[in-house]
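Hi,

Here is the structure I said I would pass on. Have a look at it first, then read my notes underneath.

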Amino acid sequence: MNIHEYQAKEILNAYDIPVPRGRVALTSDQVERAAKMMGGRCVVKAQIYAGGRGKAGGVQLVHHPEQAQELGKELFGRRLVTPQTGPEGLKVRRILVEEAVEISREFYLSITLDRNSSRYCLIASAEGGVEIEEVARRSPEKIHKLTVDPFTGLRPFQARKIALALGLAGGICEDCVQLILNLYKLCQEKDCSLVEINPLVVTKAGWLLAMDAKINFDDNALFRHLEYPDMLDYSQLDPLEITASKFDLSYIKLQGSIGCMVNGAGLAMATLDVLKEFGGEPANFLDVGGGATREKVAEAFKIILQDPDVRGVFVNIFGGIMRCDVIAHGIIEAASEVNCTLPIVVRMDGSQVEEGKQLLAGSGLNVQTADSLGDGAARIVAMLG
Ligand code: ADP
Ligand code: MG
């Protein structure tokens, strides 16, 4: 689960990690007032669930409150497109107004879960800021990594090694050691899958400050933090993903034109691979899970049909636990409810498969059934022409 930069900074602050003074605004008048509080000269930062805002005009220095207000008017409601948002961008609904800090150096610092070692991994670079992806590509040796042993935790000497590698010395090096230890504590206590400070800066006045902050909470631990769902900004999520999660369905949006309904993540992967093999491009995939009911299948099918990119639907269900006639009923119910005329190919196997096929054949839908995965993929690609 994602949260906004301003929320992440509130959490950093609670863990004694220094952040710039700032206020979040919901209207351009509030932006103006917040700018006045900062003394006029300030940085206006669009809050979206993606980075790369600086280069896309979402982070700008202004010199007067009126200028901040103008920029607020321009940004609110606009869809900001950054390398991390995809072509449709994300709508700006909240703006963080921050004191403008005189920066001397910018670092990169993050803690994330390394899935290979199943451990937290600390990543740091002396060349932080908006070009960090470029640094990682061009000179990976400038990125320092440290895997944390969960039994000993992060030790001060390890944090110091990282601070020294960033080129810090003296008092500010010790400040950085404490900051890294606090960040690790935060990461653990808040069940984060990622905490990223980019940039962590040394100001001209010689202080360490977290200028940007990104936090991802581990979805599997959400039940331990009942306050987290309140922090969600639904305007930043795909409405279909929200509906899917209500019905406990996993929905992933992709770029093509064929909607895919499957049961099980492994089968989903295989379905996407085989579709591509036959020249088809998936628009999404929707996993209905193992023991889906007729209602759940119907909801899943409706979600797929609401995706405007979908020109045809491929259903690939292996009915181990699920009965094929139940699946057929769900499909027919949903498709008739929304008057679906799109081509549909259903490949299903398992118990009551013949009954399922008969139901579909007599449904009056533009549907074909397939006997194998390859056969099904070929059919839906052919039907879309
Ligand atoms: P993003 O990573 O989405 O581009 P950042 O918050 O990192 O957004 O901002 C981009 C750049 O803008 C930072 O690398 C930093 O140089 C500068 N910046 C951000 N906030 C401030 C601030 N309060 N004062 C001065 N410069 C800032
Ligand atoms: Mg940043």
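Below is what I found, going from the whole chain down to single residues.

First, a caveat: this is a predicted model.

**The chain as a whole**

The chain has 385 residues, and 51% of them are buried. Its secondary structure comes to 13 helices and 18 strands. If you lay a box along the principal axes, the C-alpha atoms fill roughly 75 × 50 × 40 Å. Take the contacts between residues at least 6 apart in sequence: 69% of those join residues at least 24 apart.

**The magnesium ion and the bond beside it**

I would start with ligand 2, the magnesium ion. Which residues coordinate the magnesium ion? Asn198 does so through its O atom and Asp212 through OD, at 2.2 to 2.3 Å. Asn198 sits in strand E10, while Asp212 is in the loop between strand E11 (208–210) and strand E12 (214–217), so the pair ties together parts of the chain that are 14 residues apart in sequence. Asn198 has a relative accessible area of 12%, so it counts as buried.

Asn198 is worth a second look for its backbone too. The peptide bond that joins Asn198 to Pro199 is cis, with omega at about 10°. Pro199 lies in strand E10, which covers residues 192–203.

**The largest pocket**

Both of those magnesium-coordinating residues turn up again here. The largest pocket has a volume of about 1,000 Å³. Its lining takes in 40 residues, and Asn198 and Asp212 are among those nearest the centre, together with Gly52, Gly129 and Val130. Strand E2 (42–47), strand E3 (59–62), E7, helix H4 (132–138) and E10 are the elements that each give two or more residues to the lining. Which of them gives the most? That is H4, with 5 residues. Sorted by class, the lining has 18 nonpolar, 13 charged and 9 polar residues.

**Two helices**

Helix H1 runs over residues 5–14, and 7 of its 10 residues are buried, so the rest of the structure largely encloses it. The buried ones are Glu5, Tyr6, Gln7, Ala8, Lys9, Ile11 and Leu12. Just after H1, Asp16 takes a positive phi of about 60°.

Helix H10 covers residues 294–306, so 13 residues in the DSSP run. From its first C-alpha to its last it reaches 19 Å, close to the 18 Å expected at 1.5 Å a residue. H10 has a buried stretch made up of Val297, Ala298, Glu299, Ala300, Phe301, Lys302, Ile303, Ile304 and Leu305.

**Positive phi in two loops**

Asp16 has company. Ser118 is not a glycine, yet its phi is positive, at about 55°. You will find Ser118 in the loop between strand E7 (103–114) and strand E8 (119–125). Is Ser118 buried or exposed? Its relative accessibility is 60%, so it counts as exposed.

Gln352 is not a glycine either, and its phi is positive at about 60°. Gln352 is in the loop between strand E17 (344–350) and helix H12 (353–361). With 32% relative accessibility, Gln352 counts as partly exposed.

**Two residues and their neighbours**

Asp233 is in the loop between helix H7 (228–231) and helix H8 (239–246). Its relative accessible area is 5%, so Asp233 is buried. Leaving out residues up to four places away in sequence, Asp233 touches His4, Tyr49 and Arg94. Tyr49 is 184 residues away along the chain, but the C-alpha atoms of Asp233 and Tyr49 are separated by 8.9 Å.

His144 is in strand E9, residues 143–147. With a relative accessible area of 26%, His144 is partly exposed. Under the same exclusion of residues up to four places away, His144 touches Leu122, Ile123, Ala124, Ile162 and Ala165. For the last of these, Ala165, the C-alpha separation from His144 is 7.6 Å, and the two are 21 residues apart along the chain.

If you open just one view, I would pick Asn198: it coordinates the magnesium ion, it takes part in the cis peptide bond with Pro199, and it is among the residues nearest the centre of the largest pocket.

Cheers

Technical notes: Residues numbered from 1 in each chain as written. Chains lettered and ligands numbered in written order. Predicted model: local features only at pLDDT ≥ 70, side-chain atom pairs only at ≥ 80, totals over all residues. Heavy atoms only, no water. Helix = DSSP H or I, 4+ residues; strand = E, 2+ residues; numbered from the N terminus. Expected span 1.5 Å × (residues − 1). Buried < 20%, exposed > 50% of the residue type's maximum accessible area, 1.4 Å probe, protein only. Donors = N, O, S within 2.8 Å, 3.2 Å for Na, K, Ca; no water. Contact = heavy atoms within 4.5 Å. 1 Å grid on protein atoms, 1.4 Å probe; cavity = no way out; pocket = protein on both sides within 12 Å on 5 of 7 lines; lining within 4 Å. Points joined across faces, edges and corners; volume = space filled by probe spheres on them. Nonpolar A, V, L, I, M, F, W, Y, C, P; charged D, E, K, R; others polar.
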